[in-house]
Amino acid sequence: MSAIPFYKWFVGGKTNIALNAVDRHVKTWRRNKLAIIWEGENGEKRTYSYWRLYQEVNKFANVLRSMGVRKGDTVTIYMGRTPEIVIAMLACAKIGAPHSVVYGGFSDQALADRIADAKSKVVVTSDGSWLRGKIVPLKNVVDEAVQRSPVVQSVIVYKRTGQEINMEQGRDYWWHELMALPIASNKCETEVMDAEDPLFILYTSGTTGKPKGILHTHGGYQVYTSTTLEWVFDLKDEDRWWCAADPGWITGHSYIVYAPLILGATSFIYEGAPTYPYPDRWWRLVEEYGITVLYTAPTAIRGLMRFGDAWPARHDLSSLRLLGSVGEPINPEAWKWFYKVIGGERCPIMDTWWQTETGGFVITPLPSVPLKPGSATRPFPGQVVDVVDEHGNSCEAGVEGKLVIKRPWPSMLRTVWGDPDRYIKQYWTDYAQQGWYLAGDSARKDADGYIWVIGRIDDVIKVSGYRLGTAEIESGLVSYRDVAEAAVIAVPDELKGSVIYAYCILNAGSTGSDELEKAIKKHIREEVGPIAVPEKIEFVTTLPKTRSGKIMRRVLKARAQGLPEGDLSTLED
């Protein structure tokens with residue numbers, strides 16, 4: 001029996017996610033199928049068959065064991081977007097060592113905090129990675145973090161960029177040198193794991209307080225992620241799947257590393273920025289590699305949309321058959337551009353809502369479901385999701401409420417690492433009597449039962465007593481012809497309590513002015529309503545975002561009021 005809310009799945013089942021993601025394929029015709037196609041930002045190219053991936057994972061698993069890593073030990077991984085991050089994650093899983101992947105862009109303090117919380121004796125990193133034509137100095141960050149983390153005994157460094165770095169004798173080891181030693185045999189026994197044994201910890205990039213280590217396990221996670229990917233994106237053996245996320249986030253964990261490999265799919269991974277050296281880099285890659293399914297974030301879509309239709313029009317995108325969206329609600333204008341310009345009006349968009357905590361898609365269309373731009377449609381089969389008021393009553397159609405999941409599901413988080421009380425308080429307290437999981441998002445249902453996620457519960461603005469979702473106002477702003485991306489916040493006002501302050505990134509060729517600000521305000525008045533008109537519109541070139549693409553509104557609020565911006569370690573740039 002499972003103790004609510006510490007649910008367990010497939011109790012007593014013996015498995016290992018690496019067995020199903022890699023080992024089993026080498027016994028079939030898939031051993032010679034491409035598992036990974038990779039291109040670096042500098043144009044370097046590599047491919048890995050399932051057989052080669054199997055051998056590399058075995059070798060690195062043996063390296064980790066030689067470093068003293070045993071079943072149950074956590075390993076922190078801080079790397080760029082190369083095949084080695086996938087190999088390192090799978091090697092950890094193979095020997096039963098939970099991995100804690102920290103996105104290769106967090107600050108040294110943020111990394112140190114995560115190393116300390118996970119108690120990792122071993123860190124795996126790269127000398128650097130390429131982004132926008134520049135080197136991201138990953139090893140330098142690790143050096144600073146390890147000084148604050150006396151628990152770390154060994155650092156394994158993959159040579160990617162080749163610049164001079166510090167290598168501390170007795171602590172730091174080159175990946176390629178270890179992989180050339182006799183200890184790195186290409187045969188390695190896969191550890192037998194219980195279905196509920198820890199697979200990984202992934203820290204959410206919260207804007208305040210200590211980061212939460214979300215724990216996922218071997219059994220339920222592998223069942224749910226592979227099922228959702230197969231059903232939602234209809235993956236077939238001949239597909240070329242591109243999840244354009246980073247392996248360091250849950251989207252990358254679930255839909256770059258684990259689910260595609262479990263399904264025996266061919267995944268494409270690209271190292272660098274979507275606009276480097278030109279805004280058609282992604283579209284060139286789609287054409288060159290024959291990508292059939294592309295899954296990305298609205299923030300990337302909007303960023304590419306601002307360069308216009310001419311860049312994608314230069315390329316043959318006819319290989320695409322499905323598109324996908326993840327990370328935040330996609331505004332209708334970006335949805336329509338993605339559908340028409342990239343998908344040629346023939347590729348359905350699978351707009352998925354889910355979280356680090358859920359492990360896989362929760363609200364999502366299937367390829368046959370009628371779509372509505374901006375809605376993730378209905379819950380995945382088996383999920384029971386509702387929009388409820390403060391008392392737990394289902395909201396009427398069109399009425400905003402809190403998003404809850406009413407039944408446990410296989411890939412749900414098991415706890416917050418080392419802090420079960422926080423797990424209960426964060427996710428299960430508001431509707432403890434009903435036993436419902438609180439997602440932390442506000443949403444509404446329409447007359448057809450489609451769910452429209454509005455945004456985080458704390459991303460709701462109250463003006464003169466009216467509650468307005470930031471996503472609704474932002475969609476209104478972006479629907480204006482000159483606006484590429486927008487973020488809105490509430491700032492204090494003596495008369496109204498709060499007023500709306502908007503930040504807008506303009507399309508290439510547009511220039512901010514008083515006249516443009518007036519025109520946009522008039523547009524919002526007509527599109528959303530007088531109550532949604534911003535008091536002030538500031539034209540900017542960038543917005544502060546987390547690595548997963550979420551806008552950090554607390555930073556914008558601090559800027560608007562001239563206050564300290566606080567910890568910026570979770571910022572993308």
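**Entry 1: Gly 43**

I started with Gly 43, which I found in the loop between strand S2 (34-39) and strand S3. I am working on a predicted model. Next I asked whether Gly 43 is buried or exposed. Gly 43 turned out to be partly exposed, because its relative accessible area is 33%. I then took a distance to Thr 217. The two residues are 174 apart along the chain, and their C-alpha atoms are separated by 36 Å.

**Entry 2: the sheet**

From that loop I moved to the sheet. What is the strand order? I read S3-S2-S15-S14-S16-S17-S18. The sheet is open, has 7 strands and shows mixed pairing. I noted strand S3 (45-49) and strand S18 (349-351) as the edge strands. Each of these pairs on one side only. I also looked up the twist. Neighbouring strands are turned by 20 degrees against each other on average, direction ignored.

I then checked the S18 side. Strand S17, residues 322-325, runs parallel to S18, and 3 bridges join them. Which residue of S18 is the bridge partner of Gly 324? I found Met 350 there.

Last, I looked for a helix on this sheet. Helix H7 (residues 218-233) packs on the sheet. I listed what H7 touches: strand S14 (240-243), strand S16 (293-296), S17 and S18. The direction of H7 makes about 130 degrees with that of S17.

**Entry 3: Val 123**

I turned to strand S6 (residues 122-126), where Val 123 lies. Is Val 123 buried or exposed? I put Val 123 down as buried, because its relative accessible area is 0% and the cut-off for buried is under 20%.

What is Val 123 in contact with, leaving aside its neighbours within four places in sequence? I listed Thr 76, Ile 115, Val 142, Val 152, Ser 154, Val 155 and Ile 156. I took one distance as well. Val 123 and His 99 are 24 residues apart in sequence, and 9.9 Å apart in space, C-alpha to C-alpha.

**Entry 4: helix H4**

Ile 115, one of the contacts of Val 123, led me to helix H4 (residues 108-118), where Ile 115 is among the buried residues. The others I wrote down are Ala 110, Leu 111, Ala 112, Arg 114, Asp 117 and Ala 118. What do the buried residues of H4 pack against? I found strand S4 (75-78), strand S5 (99-101), S6, helix H5 (138-147) and strand S12 (198-204).

I finished just past the helix. Lys 119 follows H4, and its phi is positive, near 55 degrees.

Conventions: Residues numbered from 1 in each chain as written. Predicted model: local features only at pLDDT ≥ 70, side-chain atom pairs only at ≥ 80, totals over all residues. Heavy atoms only, no water. Pairing = 2+ DSSP bridges. Helix = DSSP H or I, 4+ residues; strand = E, 2+ residues; numbered from the N terminus. Axes fitted to C-alpha atoms, helices over the stretch in contact; angles between N-to-C directions. Contact = heavy atoms within 4.5 Å. Buried < 20%, exposed > 50% of the residue type's maximum accessible area, 1.4 Å probe, protein only.
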